[in-house]
Amino acid sequence: MNAELQPSTMAPHRPSRSPGAEAEASALPPARELESAVEATDFSFWYGSNQALDSISLTVPARKVTALIGPSGCGKSTFLRSINRMNDLIPGIRHEGDITLHGDSVYRNDRDVVQLRKSVGMVFQKSNPFPKSIYQNVAYGPKVNRLVRGRAEMDELVERSLRRAALWDEVKDRLDSSALGLSGGQQQRLCIARALAVSPEVILMDEPASALDPVATQKIEELIYELKHEYTILIVTHNMQQAARVSDYTAFFYMGRLIEMGRTQQLFTNPHEEQTEAYITGRFG
Ligand SMILES: Nc1ncnc2c1ncn2[C@@H]1O[C@H](COP(=O)(O)OP(=O)(O)OP(=O)(O)O)[C@@H](O)[C@H]1O
Ligand SMILES: [Mg+2]
């Protein structure tokens, strides 16, 4: 059995947050009352004849952290990738319904997908730095998007992005070394720095800490907490405690459907749906 789902470790469902964060959490309004960054409306998705998402309607509030939880294969990654159209490249896919970014359909015919992926960045479970230097990893996006002029401006952007990703102090003396020489946790923060360098509005994180040790995981969680003041973050996690710690809102997916979404504290302590309760208490999943 998955250790994180064992009843003993699940017993206190309440998020272990600081008193300030507790107060902040209890003051949160329902997600639909906030400015929305991403909105899915009756969104369904198929890989060939296999339907992965069934009529998902969901609001992702701006500058908050929203966690997606649910058992393996329930469509979390598919949903995340549908937001910045990373699924586009897979043959035989189709969708119905719509997803909007600030009210503008990401699927409209004349949508510039490169621009979309600049606005909606992504960080994956397995960190995937380019086999280039630390500096070049961060500079790559701004370069291809022509965001800066000249080396001095690029230096500044690289430093700012690495600082925001809480990595600067660890790498500032070896910016020209290969990114592949960094530890797993550092590589993941480098990938976050790379995503931040193009000034996204939304950051999609697909199990960003699942391959990391507890110390590196804590760094990523602290970083998410810092970043949410500026960015909208949507994070997939299998770790229930992590969802409780880092997110403001949580959406529970099951077999391609959204079962419920609510304030994280409410969803973990007092879920409306029996399936949610069963999942968070480790009775299945
Ligand atoms: N590239 C693909 N081609 C065909 N089917 C796919 C593809 N990717 C995912 N699927 C199927 O779509 C469904 C949803 O998969 P998805 O990866 O979105 O689930 P998930 O909730 O992210 O699972 P996990 O927690 O294991 O990462 C599954 O049935 C999966 O087999
Ligand atoms: Mg997945």
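Me: What makes β6-β7-β8-β3-β9-β10 an open sheet of six strands, and what is its pairing?
Reply: The pairing is mixed in this predicted model. Strands are DSSP runs of E, at least two residues, and helices runs of H or I, at least four, numbered from the N terminus. Two strands pair if DSSP finds at least two bridges between them. β6 (120-123) and β10 (257-263) each have a single partner strand, so one side of each lacks a neighbour in the sheet.

Me: How do you know that β6 pairs with β7?
Reply: Four bridges join β6 to β7 (residues 202-206), and the two run parallel. Pairing requires at least two bridges, so they pair. Gly121 stands opposite Ile203 in β7. α8 packs on the sheet and touches β6 and β7.

Me: Why is Ala193 said to be in contact with Val138?
Reply: Contact means that C-beta atoms, placed from the backbone, lie within 7 Å. Leaving aside neighbours within four places in sequence, Ala193 has such contacts with residues including Val138, Ser161 and Leu167.

Me: What makes residues part of the shell around ligand 1?
Reply: A C-beta atom, placed from the backbone, must lie within 6 Å of the molecule. Among those surrounding ligand 1 are Tyr47, Gly73, Lys76 and Ile90. α3 (76-83) and β2 (50-61) each supply at least two shell residues. α3 gives the most, three.

Me: How do you know which numbering and confidence limits apply?
Reply: Residues count from 1 along each chain as its sequence is written, while chains are lettered from A and ligands numbered from 1 in written order. The model is predicted: local features need pLDDT of at least 70, side-chain atom pairs count only at pLDDT 80 or more, and totals for chains, interfaces and linings use all residues.

Technical notes. Two residues are in contact if their C-beta atoms, placed from the backbone, lie within 7 Å. Axes are lines fitted to C-alpha atoms, for helices over the stretch in contact, and angles run from 0 to 180 degrees between N-to-C directions.
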